[in-house]
Amino acid sequence: MGQSYDRRRIAVLVVEDEPLLLMDAMDMVEDAGFTVYGAGNADEAIRLMEKHHDICVLFTDVDMPGSMDGLKLAHAVRDRWPPVSIIIASGHVNVAHETLPENGLFFSKPYPPVSVVKALDGIAERIMQ
Amino acid sequence: MTTLRLHLFTLSDRVRFSPVVAWGIAFAAFACAVYARFLFDHVLPPGFPYLTFFPAVILTAFLAGLLPGAVCALACGIAAWYWFIPPFGSFSLDTSVLVALAFYVCVVGVDILLIQVMHRAVDGLREERARSGDLVREQRRLLGEQKDRERQQRILQRELSHRMKNTLAMVQAVVSQSLRNNPDPKLAAGLASARIQALARAQDALTATDWSAADVETLVRTAVSPHDDGTGRFRIDGPSLSLEAQRSLGLALAIHELATNATKYGALLTEAGIVTILWDSPDGNGFRFSWIESGGPGVAEPLRRGFGSRLTERVVPAYFKGSARTQYTRGGLKYELEGTLRPDETDLAPD
């Protein structure tokens, strides 16, 4: 499939309240060649969404403290920035499919990095077409 | 219809347990019966001396109970004998009078007996019903308790499963970070394994509280135990503080990195080197932690930032929504972390 496009033009926002997991997920996205932003909670994520218009993908954990959990954040982003693709990860396997935003992807934690990167590639290709 | 019948019995209960009303009814029934008997005396054919007395006795026995019923029956019997059994106006006693009185005694006796039996039966039924009601309520309560217990157990299981997955995700991050920062897979595997062991020891410090929190001192002592040769190389001092599970794991990883580093290059490399570990909680929700090496070889600032220093300088402070500072001094390394003990609570506090 080759990299006919510049992945750095695609920015991914990683939201995870666990600092170690956030760093590792950001490294994973960065290593795959994408631009990456990280947030430790939903409010910070919304602020980053407002500031950086190059964000094409939201990759968020579900269980987070604060005013909004990952699912609420995903729906809020879907409402305000409809083109942004959404990937959701959770340690709870029973996140019902109907609670995900439309076209949202779900990964159960701990997720295989290769699969997440593949999903990001798929999204990037769709955007670049 | 059932309600009406039950009302009658309730009424009878109320009367039976109030002596004034009970005896009042007995007297009134007797008086009414005598009056009615006199009233209808001229229209009745001869041979009905007790006609109005039977209802009076039955009513009294039913409403007022056994004793007023019996007394009313006796009074009625005497009244009937005196006024309405010939020869009228006297207590004469011949065979026919005796037979008539005997019949009267039999009839009212059977009436009172049947009424008593009926009352007992109704009382019994009511007690039975109250008992079954109690049983049903008790059963409902037990069922509710069991459901509560099951629900709590399900919550706990979900919570444990969630914690387990989170820990596994941390292990995955530790492994991938160890590999990412070391080109030699053998070395990376060794580092990853040591870090996973540090996480495992931190889990031990958490077991006392269902894996929800750990005491800082227990956590610190468990974390440095593999590097402690028992010769007093560690000076550990701080107040008793409870640290939430994820922050405990984070701090344990930081201590592991610092201790490994001190063993390789710092205070624990020399015989005289000492590590002082201090912590406290200013204002109740603040958290300060310091790792101060002394008596070791002078440590130079490393050229390359590996996972260890990223962990101590950026990742672990983030668990406490704070910051950390590492200084490389002549006696060894000095690491200071400052943040909050329960950042989530400050998140929720109103602005």
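## A walk through chains B and A

Start by selecting Gly273(B), which counts as partly exposed because it has 19 C-beta neighbours inside 10 Å, under the 20 that would make a residue buried. Keep in mind as you click around that this is a predicted model.

**Stop 1: around Gly273(B).** Colour by secondary structure and you'll find Gly273(B) in the loop between helix H8 (245–264) and strand S4 (274–280) of chain B. Now add Ser294(B) to the selection: the two are 21 residues apart in sequence, yet their C-alpha atoms sit 5.7 Å apart in space. Which residues does Gly273(B) touch, leaving aside those up to four places away in sequence? Show Arg233(B), Gly266(B), Ala267(B), Leu268(B), Glu293(B), Gly295(B), Gly296(B) and Gly332(B).

**Stop 2: the sheet of chain B.** Zoom out to pick up an open sheet of 5 strands, ordered S2-S4-S5-S7-S6 (chain B), with mixed pairing. At its edges are strand S2 (234–237) and strand S6 (323–328) of chain B, each pairing on one side only. On average, neighbouring strands here are turned by 10° against each other, direction ignored.

For a look at one pair, select residues 286–294 and 333–340 of chain B. These are strands S5 and S7, which pair in the antiparallel sense over 7 bridges. Label Gly286(B) and you can trace across to its bridge partner in S7(B), Thr340(B).

Next, bring in the helices. H8(B) lies across S4, S5 and S7 of chain B and runs at about 175° to S7(B). Helix H7 (residues 216–224) of chain B lies across S2 and S4, at about 165° to S2(B).

**Stop 3: the whole of chain B.** Colour this chain by domain: the assignment gives domain 1 (2–140) and domain 2 (181–348). How many Å separate their centres, taken over C-alpha atoms? The answer is 94 Å.

Now overlay the UniProt annotation. An unreviewed entry lists residues 20–40, 52–85 and 97–117 of chain B as "transmembrane region". Select 97–117 of chain B and you get a span that is 100% helix and 0% strand, with its end C-alpha atoms 30 Å apart. Residues 52–85 of chain B are 91% helix and 0% strand, and there the end C-alpha atoms are 14 Å apart.

Further along, UniProt (unreviewed entry) places "domain: Signal transduction histidine kinase HWE region" at residues 159–240 of chain B. That stretch is 65% helix and 9% strand, with 26 Å between its end C-alpha atoms.

**Stop 4: where A meets B.** Show both chains and select the contact, which takes 15 residues from chain A and 19 residues from chain B. On the chain A side, the largest share, 6 residues, comes from helix H1 (residues 19–31) of chain A. Colour that side by residue type and you'll see 7 nonpolar, 4 polar and 4 charged residues.

**Stop 5: the sheet of chain A.** Hide chain B. What's left includes an open sheet of 5 strands in the order S2-S1-S3-S4-S5 (chain A), with parallel pairing. Strand S2 (35–39) and strand S5 (105–108) of chain A each have a single partner strand, so one side of each is left without a neighbour in the sheet. Neighbouring strands are turned by 20° against each other on average, direction ignored.

Pick out strands S1 (residues 11–15) and S3 (residues 55–61) of chain A, which run parallel and are joined by 5 bridges. Val14(A) has Phe59(A) as its bridge partner in S3(A). Finish with helix H2 (residues 42–51) of chain A, lying across S1, S2 and S3 at about 165° to S1(A).

Terms used
Residues are numbered from 1 along each chain as its sequence is written. Chains are lettered from A and ligands numbered from 1 in the order in which they are written. This is a predicted model: local features need pLDDT of at least 70, side-chain atom pairs count only at pLDDT 80 or more; totals for chains, interfaces and linings use all residues. Helices (H or I, at least four residues) and strands (E, at least two) are DSSP runs, numbered from the N terminus. A residue is buried if 20 or more other C-beta atoms lie within 10 Å of its own, exposed if 12 or fewer, and partly exposed in between; C-beta atoms are placed from the backbone. Two residues are in contact if their C-beta atoms, placed from the backbone, lie within 7 Å. Two strands pair if DSSP finds at least two bridges between them. Axes are lines fitted to C-alpha atoms, for helices over the stretch in contact, and angles run from 0 to 180 degrees between N-to-C directions. Domain bounds come from an automatic or database domain assignment. UniProt positions are given in the numbering used here, feature names are shortened, and annotations may be inferred rather than shown by experiment. Ala, Val, Leu, Ile, Met, Phe, Trp, Tyr, Cys and Pro count as nonpolar, Asp, Glu, Lys and Arg as charged, and the others, Gly among them, as polar.
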